[in-house]
Amino acid sequence: MNGDTAAQTPTGTDHTARGDVGVPVLTDQPSPALPGPRDPDDGTGTVGPDGDSPDGDGADGSIPAPPRPAWLRGLGRFGYSPPPAATLAERLVPPMPDGRGVTPERVPPSPLLLRLGLSLPAPLWSWLVRWSGWLGPLVVALFAGALRFDNLGSPDAIIFDETYYAKDAYALWHGGYEISWPEGANDHIMAGDPVPYRPNPSYVVHPPVGKWIIGAGIQIFGMNPFGWRFAVALLGTLSVLMVARIARRLFRSTLLGCVAGLLLAVDGLHFVMSRSALLDLVVMFWILAAFGCLLLDRDRTRARIAARLAAHGDGGPDTALAHRMNLGWRPYRIAAGVCVGLTCATKWSGLYVAAAFGLMTVLWDVGSRRLAGADRPYLWTLVRDAVPAFVSIVVTSVVVYITSWWGWFASSNVPNQGGYGRDWAVGRSTDYPWIPEGLRSLWHYHSTVYDFHTHLSDPHTYQSNPWSWLVLGRPVSFFYESPKQGTAGCTVNECAREVLGIGTPLLWWTGVIALVYCLWRWAARRDWRAGAVLCGLAAGYLPWFAYQQRTIFLFYAVCFVPFLVLAVTMLVGALIGPAGASRDRRIIGSAAAGLVVLLIMWNFLFFHPLYTGETIPMEDWRRRMWFNTWI
């Protein structure tokens with residue numbers, strides 16, 4: 001995400017001068033979601049950047065740290081040294097690791113590169129450091145794009161639910177609403193015959209935005225597998241770039257941002273969904289975009305608070321100002337509302353995201369006002385911020401959602417000549433005549449869709465319970481063939497071709513450990529970053545437990561994969577250790593973290609044939625079926 005300017009780093013602290021470029025900055029940042037008294041010594045020897053803290057003023061405006069307990073002082077024997085106390089402005093918005101307005105014009109050479117005998121011209125090195133926050137994530141995104149677009153048209157078939165969404169996408173772009181297709185339409189499409197389009201409306205149970213997006217690729221490249229997968233692959237690639245930038249801003253580390261992007265690039269479920277014309281990757285994209293916008297809004301708002309405190313005093317807490325302060329125009333939060341609306345307009349699961357993210361942004365405002373000096377932050381946040389937050393997130397998303405049905409509204413309300421149910425309210429008596437006819441028809445349509453979703457319980461071979469998702473209990477086979485020798489590239493007696501919707505096992509199993517770590521960081525250390533990651537994951541995961549009787553699948557979990565990746569990234573940062581740790585501690589931690597990342601990448605490469613439908617000997621296929629439930 002953008003915004004690497006001095007405005008976001010009001011203290012002007014230069015991480016490059018301290019040697020922190022690309023170094024994980026994992027200081028404790030307590031979560032405002034857990035109110036109440038807190039031990040001012042958070043384990044780093046100083047008050048966390050966002051934490052509740054006792055009153056006190058250092059000579060430089062910082063909050064002096066109280067004496068550390070003996071056990072914490074003993075950590076010094078293992079190479080731990082506490083960071084210096086932060087000023088209030090730094091606690092409101094910790095400086096970014098590099099970028100315009102942060103990195104100086106001239107950056108000293110890297111000691112590591114010098115030890116390796118590499119020496120770059122000073123201007124080039126300074127430019128690379130200054131723009132590393134974009135260059136690193138872009139390189140990772142290009143790597144992810146190369147993986148996703150390579151042979152994207154294979155398998156050359158309509159796989160799994162592409163049979164619905166590719167055709168619905170085509171119909172939307174050609175008539176504005178979904179249609180009912182004649183029997184044998186798939187065979188005609190795959191044979192390259194003229195598309196057998198007819199205007200008969202069809203009953204569909206998902207809103208149109210995801211299908212409009214899929215249809216954009218069809219408009220450019222034609223009604224073929226590459227065409228209907230193109231737009232989703234593009235969103236999958238962009239989501240890797242977004243998660244790298246989000247992680248960089250979340251953890252204040254370009255290195256960890258690139259690690260997060262790399263991990264998402266090599267997750268099997270994200271990879272498969274990026275190469276399939278289904279809606280769930282589109283849902284994930286808008287959820288991630290909304291989260292990124294809220295993160296930008298948090299930094300922008302807190303920078304504004306720091307500037308107000310500096311303008312009205314010495315930059316320290318000001319109770320009166322914290323109470324009356326209006327946080328002003330917040331375009332990033334409105335943008336988040338647009339993204340939430342687009343999420344809901346792709347699949348209804350976005351409703352839970354709207355609730356979770358709305359609560360999260362209000363709690364972030366609570367923490368900001370408390371740090372600014374408010375003695376009753378919840379009350380003043382409710383008075384000043386709750387209504388604007390509701391309008392920005394909920395009202396904006398409702399407007400976006402209704403607007404997304406414009407093609408259906410624009411269709412004819414003559415029976416069987418427009419979108420399904422478009423004519424329902426025509427001539428029908430109502431107690432609410434002031435509501436437009438089209439909105440009443442849409443409301444009735446939605447009531448039938450809700451009934452469908454809540455009562456969908458037809459057994460399916462690949463359905464799974466959400467309890468098993470994190471451990472990959474039951475993946476989904478999107479495509480399977482058993483070619484014999486001499487066909488489809490098979491060189492042995494029997495081969496297998498499969499597209500298996502399953503996450504990279506080592507990444508997901510590490511993710512389970514990382515979630516436990518994040519829960520501890522959030523509950524015991526009051527780390528707001530861990531709370532944010534858990535909020536995003538909970539919004540995409542926990543609602544499914546209310547529908548365990550429904551027919552649901554593992555690939556729905558792609559919506560929270562970015563947050564699982566962020567949790568693993570946070571764990572990787574903890575393994576590397578703080579910037580103040582000893583050289584030995586950093587070397588050992590970095591080696592352990594690097595080993596984890598390399599094993600995950602190896603695991604992705606091992607399963608790569610099952611993600612792409614590559615023809616492999618049956619024995620190789622069986623070797624990858626680690627559990628019977630994967631078959």
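**Exercise 1. Decide whether R130 is buried or exposed in this predicted model, and describe its salt bridge with E105.**

Step 1. The relative accessible area of R130 is 14%, and buried means under 20%, so R130 counts as buried.

Step 2. The side chain of R130 meets that of E105 in a salt bridge, with a distance of 3.6 Å from N to O; this lies within the 4 Å that the rule for a salt bridge allows.

Step 3. R130 belongs to helix α4 (residues 122-130), whereas E105 sits in the loop between α2 (88-92) and α3 (111-115), and the pair, 25 residues apart, links distant parts of the chain.

Step 4. E105 has a relative accessibility of 66% and therefore counts as exposed, while its partner R130 is buried.

**Exercise 2. Find which helices are tied together by the salt bridge between D299 and R249.**

Step 1. In the salt bridge that D299 forms with R249, the closest N and O atoms are 2.6 Å apart.

Step 2. Because D299 lies in helix α12 (residues 280-311) and R249 in helix α9 (residues 225-251), the pair ties together parts that are 50 residues apart in sequence.

Step 3. As for their surroundings, both D299 and R249 are buried.

**Exercise 3. Work out the strand order of the open sheet, and locate the salt bridge between R497 and E481.**

Step 1. The open sheet has 3 strands in the order β1-β2-β3, and their pairing is antiparallel. The edge strands, β1 (476-481) and β3 (616-617), each pair on one side only.

Step 2. Strand β1 is joined by 5 bridges to strand β2 (residues 495-501), and F479 has V499 in β2 as its bridge partner.

Step 3. A salt bridge also forms between R497 and E481, whose closest N and O atoms are 3.3 Å apart. Since R497 lies in strand β2 and E481 in strand β1, this pair ties together parts that are 16 residues apart in sequence.

Step 4. R497, with a relative accessible area of 14%, is buried, whereas E481, at 35%, is partly exposed.

Step 5. Helix α23 (residues 583-612) lies across β2 and β3, and this helix runs at about 95 degrees to β2.

**Exercise 4. Identify the residues of the nonpolar surface patch, and place V395 within a helix.**

Step 1. The patch, of about 430 Å², is made by V387, F390, V391, V395 and V399.

Step 2. V395 is found in helix α17 (residues 386-403).

Step 3. V395 has a relative accessible area of 35%, and a patch residue needs over 30%, so V395, which is partly exposed, passes this cut-off.

Key
Residues are numbered from 1 along each chain as its sequence is written. This is a predicted model: local features need pLDDT of at least 70, side-chain atom pairs count only at pLDDT 80 or more; totals for chains, interfaces and linings use all residues. Side-chain values use heavy atoms; hydrogens and water are left out. Patches are made of residues with over 30% relative accessible area and no salt bridge: like charges are joined within 9 Å, nonpolar side chains (Val, Leu, Ile, Met, Phe, Trp, Tyr) within 5 Å. Accessible areas come from the Shrake-Rupley method with a 1.4 Å probe; for residues, only the protein chains shown count as cover. Helices (H or I, at least four residues) and strands (E, at least two) are DSSP runs, numbered from the N terminus. Buried means under 20% relative accessible area, exposed over 50%, partly exposed in between (1.4 Å probe, protein chains only). Two strands pair if DSSP finds at least two bridges between them. Contact means heavy atoms within 4.5 Å. Axes are lines fitted to C-alpha atoms, for helices over the stretch in contact, and angles run from 0 to 180 degrees between N-to-C directions.
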